[in-house]
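Dear colleague,

I am passing on the structure we spoke about, with some notes on what came out of looking through it. Please open it alongside this message as you read.

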Amino acid sequence: MANISTIYKFSLLALTYFMNVGASTCPVLECWFVQEKPGRGFPAAMTQEKSLLVIGTDPEIQGTGSRLNPSSDINPERVYYIKDPAATFCHSSLHPPGGAVEKPQCELNPFLPQPSTVQWAAPLTDSALSPIYLQADWYSAALQGLDRQLTLSNVMRAPTATTEPQVILSVSSRTVRVQSRLGEPVLLDCGFWVDPSSPLSGSGFAVEWRYQFRGDGRLVLAYDGKDDRLADNWEAGAGLDIDALHKTGNASLILQEAQVRHSGTYICTVYLPYLLAQVAVDLEIVEPPSLSIFPSPLPLSSPGQLVVVQCEASGFAPLSLELGWELSGAGGVQDLGRGSVTGHRQASDGTYSQSSRLELDPARVGGERGGQVSCVAVHQGGTRRVSVSLNVIGVSTPSIEDSMAMVAVALGLYGLIKVFSWTISSSDSTAADTQEKKEN
């Protein structure tokens, strides 16, 4: 009941606030304010407090207008009145309907502006002097929307000792998780926005894409927007739309041809002088297996004779695969199990292969009359199957239909024999009578 009461009070307060400030706002965001505890120690101890982000989108409004009176479990100093002219905080995935159990993830941290040391961003801070503009309270906010529709990172500046920050740099992606087939072009979305009123907006920018997977990391691509040049060690097959990058802030990464080695996490980082913000995008290459079965066709077999058949699944990614066998015949579909499955083998292109061997006794599995033997592969990329005909020579226990037909034939033959026997008997009797009359 306490949680329901808190939600109700929060909704009522938020509704009252919206009625007072009008349409230049988007819904209030619940967030965690996280920072290091004072003192020494490694790793540093962290504290977290509930906070609220009250978003205003009209850049012409000075100050924050009406104040929100938070519930008792939120410190009034952790209510932030944010000016967000680009409405980056207002995406629908960040604002679930009232009463929703699932909520977006939001974390707010103190941020320390500092020069970048990477070579493609270092020219942004050639001067050794830090501008007076940096003398303020800075924050970074990291958010992830419902159903992974959005990931967002904002850097904000507030006049010292105030709770009224303004968004200066925003980086976002609407492709938080991407799946692709082998060989297809891939687009990993990343876009950024810079407050045009900030002194930092006209000083250039830099973009970096970096790859990470199971402890392995590498630079994919980096671009120095101030000097208009790509880093020398960029990865072949990766690119940016440079024109869109400068015109609209479209920093999306383009991979010309998806390969297995591309599966992993990609981090898009945008640099301004003394500032940076980044978002992460997960890419998974999913390729279903190609199946082959041999020998094909299967040799003719007789009842009691073992039939050996093998299935090869190749060219699939990721690794997880389930192989199985089925027999389809007059009696329906029968599960024959997994057979003898080998370990995985990896090809030079990163894809995997695996095989299964089945020893089949038709008499034991109800296949005396033949049927279709199928190899079935269940994979993240979809279910695949391949079949071959099983032909059995010889006669075994007849089916019900065959038995009924044999009985019918037997009855028919019996009837014919009886008729024939009666006809012969009648003929013999007539001949005997005729002979007897002649003798008399």
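Ser153 is buried in this predicted model, because its relative accessible area of 10% falls under 20%. Ser153 belongs to strand 6, which covers residues 151-158, and, leaving aside residues up to four places away in sequence, it touches Ala141, Leu169, Ser170, Val171, Ala277, Gln278 and Val279.

Leu169 also appears in the largest nonpolar core, which has 41 residues and in which the residues with the most contacts are Trp138, Leu169, Leu188, Phe192, Trp209, Leu253 and Tyr266. Several strands each supply at least two residues of this core, among them strand 7 (166-173), strand 11 (206-213), strand 12 (216-224) and strand 16 (264-272), while the largest share, six residues, comes from strand 17. Another core, of 23 residues, lies apart from it and includes Ile293, Val309, Leu360 and Val392. As general background, nonpolar side chains in soluble globular proteins tend to be buried together.

Turning to the aromatic residues, the count comes to seven aromatic pairs. In one of them, Tyr133 and Trp138 meet edge-to-face, with 5.9 Å from centre to centre and 75 degrees between the planes. Both residues are buried, Tyr133 with a relative accessible area of 18% and Trp138 with one of 4%. In another pair, the ring centres of Phe192 and Phe205 are 5.2 Å apart and the planes stand at 50 degrees, so this pair is tilted. Because Phe192 lies in strand 10 and Phe205 in the loop between strand 10 and strand 11, the pair ties together parts that are 13 residues apart in sequence. Phe192 counts as buried at 13% relative accessibility, as does Phe205 at 11%. Ring pairs also link Phe33, Tyr80 and Tyr139 into a cluster.

Two arginines are worth a look as well. The charged end of Arg157 sits over the ring of Tyr133, 4.4 Å from the ring centre, and the charged end of Arg218 sits over the ring of Tyr211, 4.0 Å from the ring centre.

Finally, there is an open sheet of four strands in the order 21-20-25-26, with antiparallel pairing. Strand 21 (332-337) and strand 26 (382-390) are the edge strands, each pairing on one side only, and the twist averages 25 degrees from one strand to the next. Within this sheet, strand 20 (residues 321-329) and strand 25 (residues 371-379) run antiparallel and are joined by eight bridges, and Ser328 has Gln372 in strand 25 as its bridge partner.

With best wishes

How values were computed:
Residues are numbered from 1 along each chain as its sequence is written. This is a predicted model: local features need pLDDT of at least 70, side-chain atom pairs count only at pLDDT 80 or more; totals for chains, interfaces and linings use all residues. Side-chain values use heavy atoms; hydrogens and water are left out. Two strands pair if DSSP finds at least two bridges between them. Axes are lines fitted to C-alpha atoms, for helices over the stretch in contact, and angles run from 0 to 180 degrees between N-to-C directions. Buried means under 20% relative accessible area, exposed over 50%, partly exposed in between (1.4 Å probe, protein chains only). Contact means heavy atoms within 4.5 Å. A nonpolar core is a set of buried Ala, Val, Leu, Ile, Met, Phe, Trp, Tyr and Cys residues joined through side-chain atoms within 4.5 Å. Rings of Phe, Tyr and Trp (its six-membered ring) pair if their centres lie within 6.5 Å; planes under 30 degrees apart count as stacked, over 60 as edge-to-face and the rest as tilted. A charge sits over a ring if NZ of Lys or CZ of Arg is within 6 Å of the ring centre and within 35 degrees of the ring normal.
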